[in-house]
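Colleague: I'm in my first year and still learning how to read a protein model. Could you take one charged contact and walk me through it slowly, then show me how it fits with the rest?

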Amino acid sequence: MTIEAILKDDIQKAIQKHFDIDVEEVILQPTKKEFEGFYTFVTFPLTKTTRKAPAEIGQIIGASLVEASSVVQSFNVVQGFLNISLKDQTWLDLLEKMKSDPDYGTSPSNGASVMVEFSSPNTNKPLHLGHLRNNFLGDSLSRILKASGYDIVKTCLVNDRGIHICKSMLAYRELGNGETPESSGIKGDHLAGKYYVKFDQEYKKQIQELVGQGMKEEEAAKKAPWMLEAQRILLLWEQGDADTVALWQKMNSWVYAGFGETYKKIGVTFDKTYYESDTYLLGKDIIEEGLQKGVFYRKDDNSVWINLADEGLDEKLVLRGDGTSVYITQDLGTTELKNSDFHNDRYLWVVGNEQDYHFKVLFAILKKLGRTYSEGCYHISYGMVDLPSGKMKSREGTVVDADDLIAEMIQTAADRTQELGKIDDFDSAEAKQLYNQLAMGALKYFLLKVDPKKRMLFNPAESIDFQGHTGPFIQYTYARIRSIMRKAEQAGIEAVIPSPDYAMHQSERELIFALAQFPSKVTSAASEFAPSIISLYAFELAKVYNQFYAEVSIFSDPNPDAVRFRVALSQVVSETIQKSLGLLGIEVPERM
């Protein structure tokens with residue numbers, strides 16, 4: 001049992017003993033900084049049934065805990081708040097348990113499985129800043145859910161077909177002159193993106209020419225020669241035209257190689273990749289099934305619809321009159337495919353909040369079709385990422401390219417570290433590794449510390465500050481502790497928990513209390529699908545450790561028990577920081 005579980009059980013027994021009341025759930029909260037204690041129990045809800053004042057209830061329960069609980073040392077009551085302090089032996093036992101358990105904070109397998117689908121790039125352009133938030137969220141959620149006992153399947157659905165791909169293909173066919181990633185020295189996904197931009201430039205020019213000849217702009221957008229040709233290419237692709245398919249395969253292979261490099265840089269992998277070119281025709285059998293069940297209905301123009309008014313939504317088209325699919329048709333089919341492939345208990349989609357409505361519709365339809373797995377479907381919605389105006393605009397001037405941003409972050413990390421002058425003894429490989437760890441730590445932490453649903457402003461300079469609410473601040477705390485551990489090893493000082501008569505310093509108690517929160521934070525982050533909970537926990541733990549480091553001496557204390565204990569405490573903190581940042585996909589430097 002955890003300390004909290006023991007304490008809750010003891011409080012329940014005290015309430016039963018003194019008031020003859022069975023309390024189903026005891027809720028504890030951390031004691032406010034201005035009061036003595038670590039755990040607080042609020043007595044106000046008991047006033048009605050006990051007919052006693054909140055403070056009197058607190059005194060009765062507190063006195064009972066001191067008398068009967070194996071973990072409680074003392075208490076104080078502030079109005080209706082019972083603040084509880086624990087015995088030093090309880091803290092020492094707790095640290096011993098953490099130190100001896102390499103899996104502290106994680107849960108054994110619970111037998112349930114979760115699929116996390118994220119990234120979902122288009123093959124007509126490279127990954128951008130928005131994709132980074134998506135990838136980091138999906139990767140971190142996968143790690144957190146795995147630590148909570150779930151079997152995880154990480155999937156990616158690549159949007160590798162459609163009119164947007166044909167636009168890049170057309171521009172390359174007309175303007176490429178056989179250019180390749182090798183001949184141009186341009187990364188494959190950037191090369192495809194270059195021709196997507198060239199299509200847009202030529203297309204706009206053609207629209208203006210038609211408008212100049214007297215055509216309305218809306219009509220010109222439809223009749224511009226390159227738009228008509230892109231649509232023809234799409235038709236040729238769907239018909240399996242050999243030359244068209246060959247060009248599509250060639251350009252996509254460049255893009256996949258480029259994506260592969262970026263995914264490697266950011267430390268993201270997938271267990272299964274689905275391709276829209278394989279799945280875009282799926283779902284029509286489900287529409288037929290829905291018609292037979294009376295879930296869908298056909299209109300006079302032969303199109304198929306569903307009425308979701310009872311779900312607070314509206315009518316939704318699920319198949320066009322000519323028999324072609326819409327996005328929801330494909331998603332119904334793809335979801336069915338994923339379920340038949342893996343039979344997961346839960347399905348998570350990490351997709352931007354512009355698709356909130358789409359997923360409400362998808363889940364509502366699955367439910368009406370009687371798909372039992374629909375109960376385990378969740379949309380992990382997230383907001384846009386903005387930048388301080390004018391900073392790091394991409395070549396196209398619209399979105400921030402992921403590769404460019406990563407390169408800039410690595411350079412910033414190098415500049416900041418060299419300014420501090422602390423790595424003069426690093427060789428070039430060590431320095432390069434450190435800059436990369438700091439850059440990715442800064443980027444991932446900044447994008448994950450904010451509640452996913454909130455739109456956010458990413459400030460590159462602020463994200464890499466060694467003193468702020470940042471990844472590098474936590475990484476620096478870890479590196480500091482690792483330095484302490486090396487010094488202890490060189491001096492032959494073992495990490496040992498002291499005997500019960502050891503007089504603990506308050507900062508030591510506070511640090512163990514902070515460490516004790518780790519398992520519940522992992523559980524909360526998993527149940528709420530919120531990596532931000534882990535981000536904030538890692539920051540708070542680093543702050544509490546730095547306060548401890550400022551208040552006590554680790555090596556200069558005359559009591560050898562204190563030295564060994566503080567080394568042990570530091571060791572467990574470093575391991576917990578490493579685990580916490582690991583759940584965010586962030587590496588920790590051994591020194592910096």
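Modeller: Let's go to Glu-229 and Arg-173, whose side chains meet in a salt bridge, 3.0 Å from N to O. Glu-229 lies in helix α10 (residues 225-238) and Arg-173 in helix α6, so this pair ties together parts that are 56 residues apart in sequence. Keep in mind that you're looking at a predicted model. Why can such a contact form at all? Side chains of opposite charge can pair when their charged atoms come close.

Now check how covered each partner is. Glu-229 has a relative accessible area of 16%, so Glu-229 is buried. Arg-173 comes out at 41%, so it counts as partly exposed. One bridge, then, with a buried end and a partly exposed end.

Don't stop at the pair, though. Arg-173 and Glu-229 belong to a network of salt bridges that also links Glu-174 and Arg-232. Try picking out those four residues together on your screen.

How many salt bridges does the structure hold? There are 30. Two others are worth a look next to ours.

Start with Glu-276 and Arg-161, where the side chains meet in a salt bridge at 3.0 Å, N to O. Glu-276 sits in helix α12 (residues 276-279), while Arg-161 is in the loop between β6 (151-158) and α6 (163-175), so the two tie together parts 115 residues apart in sequence. Are these partners buried or exposed? Both Glu-276 and Arg-161 are buried.

Then there's the salt bridge between the side chains of Asp-403 and Lys-187, at 2.7 Å from N to O. Here again, distant parts of the chain are linked: Asp-403 is in helix α16 (residues 402-420), Lys-187 is in the loop between α7 (181-184) and α8 (188-212), and 216 residues separate them. Asp-403 is buried, and Lys-187 is too.

Those were charges with partners. For charges at the surface, look at Asp-20, Asp-22, Glu-24 and Glu-25, which form a negative surface patch. Asp-20 is in the loop between α1 (3-19) and β1 (28-30). With a relative accessible area of 61%, Asp-20 is exposed.

Asp-20 has another quirk, and it's in the backbone: its phi is positive, about 55°, although Asp-20 is not a glycine. Why point that out? Most residues other than glycine have a negative phi. Gln-79 also has a positive phi, near 55°, and isn't a glycine either. You'll find Gln-79 in the loop between β3 (72-78) and β4 (81-86). At 58% relative accessibility, Gln-79 counts as exposed.

What about covalent links between cysteines? A search of the whole structure turns up zero disulfides. Two cysteines let you see how that works out. The sulfur of Cys-166 has its closest cysteine sulfur in Cys-156, 20 Å away, and that's too far for a bond, since a disulfide needs the two sulfur atoms within 2.5 Å. Cys-166 is also buried, at 3% relative accessibility. For Cys-377, the closest cysteine sulfur is again in Cys-156, this time 18 Å off, so that is too far for a bond as well. Cys-377 is buried too, with a relative accessible area of 7%.

Now zoom out to the whole chain. Its secondary structure comes to 23 helices and 14 strands. Of the 592 residues in the protein chain, 52% are buried. Along its principal axes, the C-alpha trace spans about 90 × 65 × 40 Å.

For a feel of distance on that scale, go to Arg-591, in the segment after α23 (560-583). Its C-alpha atom is separated by 35 Å from that of Gly-383, and the two residues are 208 apart along the chain. At 28% relative accessibility, Arg-591 counts as partly exposed.

Back to where we began: Glu-229 in α10 and Arg-173 in α6, meeting at 3.0 Å and sharing a network with Glu-174 and Arg-232. If you can find that spot by yourself, try the Glu-276 and Arg-161 bridge and the Asp-403 and Lys-187 bridge next.

Technical notes
Residues are numbered from 1 along each chain as its sequence is written. This is a predicted model: local features need pLDDT of at least 70, side-chain atom pairs count only at pLDDT 80 or more; totals for chains, interfaces and linings use all residues. Side-chain values use heavy atoms; hydrogens and water are left out. Patches are made of residues with over 30% relative accessible area and no salt bridge: like charges are joined within 9 Å, nonpolar side chains (Val, Leu, Ile, Met, Phe, Trp, Tyr) within 5 Å. Accessible areas come from the Shrake-Rupley method with a 1.4 Å probe; for residues, only the protein chains shown count as cover. Lys and Arg count as positive and Asp and Glu as negative; His and the chain ends are not counted. The place of a charge is taken as NZ of Lys, CZ of Arg, CG of Asp or CD of Glu. Helices (H or I, at least four residues) and strands (E, at least two) are DSSP runs, numbered from the N terminus. Buried means under 20% relative accessible area, exposed over 50%, partly exposed in between (1.4 Å probe, protein chains only).
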